[in-house]
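Let's take a walk through a protein model together. Have the sequence and the 3D view open, and look things up as you read.

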Amino acid sequence: LIGSSDFREYCASTVALADGQVELFTRNRSVLAGWLAGVLAQRWGTLDGLLGSAVASSCLLGFSVGLWARAVHSRGAGILAALAVGVVAPLCILSRTLTYYPPIIAVLTLCAATGAVAMRWRSAAACLLAGMGAGLALLVDARGLAWALPTLGLGLLAALRGSGRWRPSRVPLRLALLIVPVCWSYALGAQVYP
């Protein structure tokens with residue numbers, strides 16, 4: 001298991017979430033980053049809650065990398081990329097890292113994958129996914145802005161271009177589906193960033 005210099009802060013914040021005392025959560029992180037660890041800590045305890053969150057985040061990371069590779073190249077690339085998460089040294093140790101970095105990294109990777117999905121398929125659903133990915137990135141960590149902006153840029157291009165034949169009547173729908181989740185994340189910002 002791998003801790004960090006601020007390991008006690010992660011433990012205290014996880015206990016605060018598990019006990020429903022969000023006001024005691026650290027001011028350095030988003031509540032969303034520690035949410036799963038807090039939920040799991042109610043049943044399993046603090047360390048196992050952090051560990052369970054890291055393992056679940058590694059699964060989300062594998063899915064996100066696979067989705068990203070699938071959108072950029074092919075199904076085979078998606079499968080190989082997802083498998084690579086389990087063997088590439090910096091990524092495979094995330095499942096044993098008792099911090100909030102595994103969920104942060106998993107959500108930021110999911111954000112980038114949704115941007116690639118939007119550019120690949122350019123449908124209304126793909127634009128919604130890109131908006132949701134950007135919104136989650138903004139909620140999980142302040143550094144999510146660096147990931148959300150490119151995803152929103154790709155989503156904007158996808159919304160304007162659309163899939164297949166050009167139909168200007170669908171552009172407002174795709175733009176709305178891209179922007180609404182980001183507005184929603186802005187509304188939730190005060191709750192997840194103490």
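Start with helix α9, whose buried residues are Val171, Arg174, Leu178, Pro181, Val182, Ser185, Gly189 and Val192. "Buried" is shorthand for under 20% relative accessible area, while exposed is over 50% and partly exposed is in between, using a 1.4 Å probe and protein chains only. Helices here are DSSP runs of H or I with at least four residues, strands are runs of E with at least two, and both are numbered from the N terminus. Before going on, bear in mind that this is a predicted model, where local features need pLDDT of at least 70, side-chain atom pairs count only at pLDDT 80 or more, and totals for chains, interfaces and linings use all residues. Residues are numbered from 1 along each chain as its sequence is written, and side-chain values use heavy atoms, with hydrogens and water left out.

What covers those buried residues of α9? The cover includes α2 (31–44), α7 (124–140) and α8 (145–161), with contact meaning heavy atoms within 4.5 Å. Helix α9 itself runs over residues 171–192, 22 residues in total, and its first and last C-alpha atoms are 32 Å apart, close to the expected 32 Å. That expected span is 1.5 Å times one less than the number of residues. There's also a kink of about 30° in α9, centred on Tyr186; the bend at a residue is the angle between axes fitted to the seven residues ending there and the seven starting there. Leu188 is in α9 too, and at 23% relative accessible area Leu188 is partly exposed. In space, Leu188 and Leu61 are 24 Å apart, C-alpha to C-alpha, with their positions 127 residues apart in sequence.

Now for α7. Its 17 residues should span 24 Å at 1.5 Å a residue, and that agrees with the 24 Å between its end C-alpha atoms. Buried residues in α7 include Ala126, Cys127, Ala130, Gly131 and Gly133. The elements covering the buried residues of α7 include α2, α6, α8 and α9. Met132 also sits in α7, but Met132 is partly exposed, with a relative accessible area of 41%.

Just before α7 comes a loop, between α6 and α7, and that's where you'll find Arg122. Its phi is near 50°, a positive value in a residue other than glycine. Is Arg122 buried or exposed? At 16% relative accessibility, Arg122 counts as buried. The C-alpha atoms of Arg122 and Met132 are 15 Å apart.

Next, have a look at two threonines of α6, Thr109 and Thr114. Each has a side chain that reaches a backbone oxygen, as the table shows. A polar contact is a pair of N or O atoms within 3.5 Å; within protein, one must be able to donate a hydrogen and the other to accept it, and residues adjacent in sequence count only if both atoms are side-chain atoms.

| Residue | Relative accessibility | Backbone oxygen reached | Distance |
|---|---|---|---|
| Thr109 | 7%, buried | Ile105 | 2.8 Å |
| Thr114 | 5%, buried | Cys111 | 2.7 Å |

Leaving aside neighbours within four places in sequence, Thr109 is in contact with Leu61, Ser64, Val65, Trp68 and Trp147. With that exclusion, Thr114 touches Ala126, Leu129, Ala130, Gly133 and Thr151.

What about the nonpolar inside? The largest nonpolar core has 32 residues, and Leu50, Tyr100, Ile104 and Val140 have the most contacts inside it. Two or more residues of this core come from each of α1 (7–18), α2, α3 (46–72), α6 (101–121), α7, α8 and α9. A second, separate core has seven residues, including Leu61, Val65, Ala69 and Ala81. By nonpolar core we mean a set of buried Ala, Val, Leu, Ile, Met, Phe, Trp, Tyr and Cys residues joined through side-chain atoms within 4.5 Å. In soluble globular proteins, nonpolar side chains tend to be buried together.

Finally, zoom out. The protein chain has nine helices and zero strands. Of its 194 residues, 44% count as buried. The C-alpha trace spans about 55 × 40 × 25 Å along its principal axes. Among contacts between residues at least 6 apart in sequence, 69% join residues at least 24 apart.
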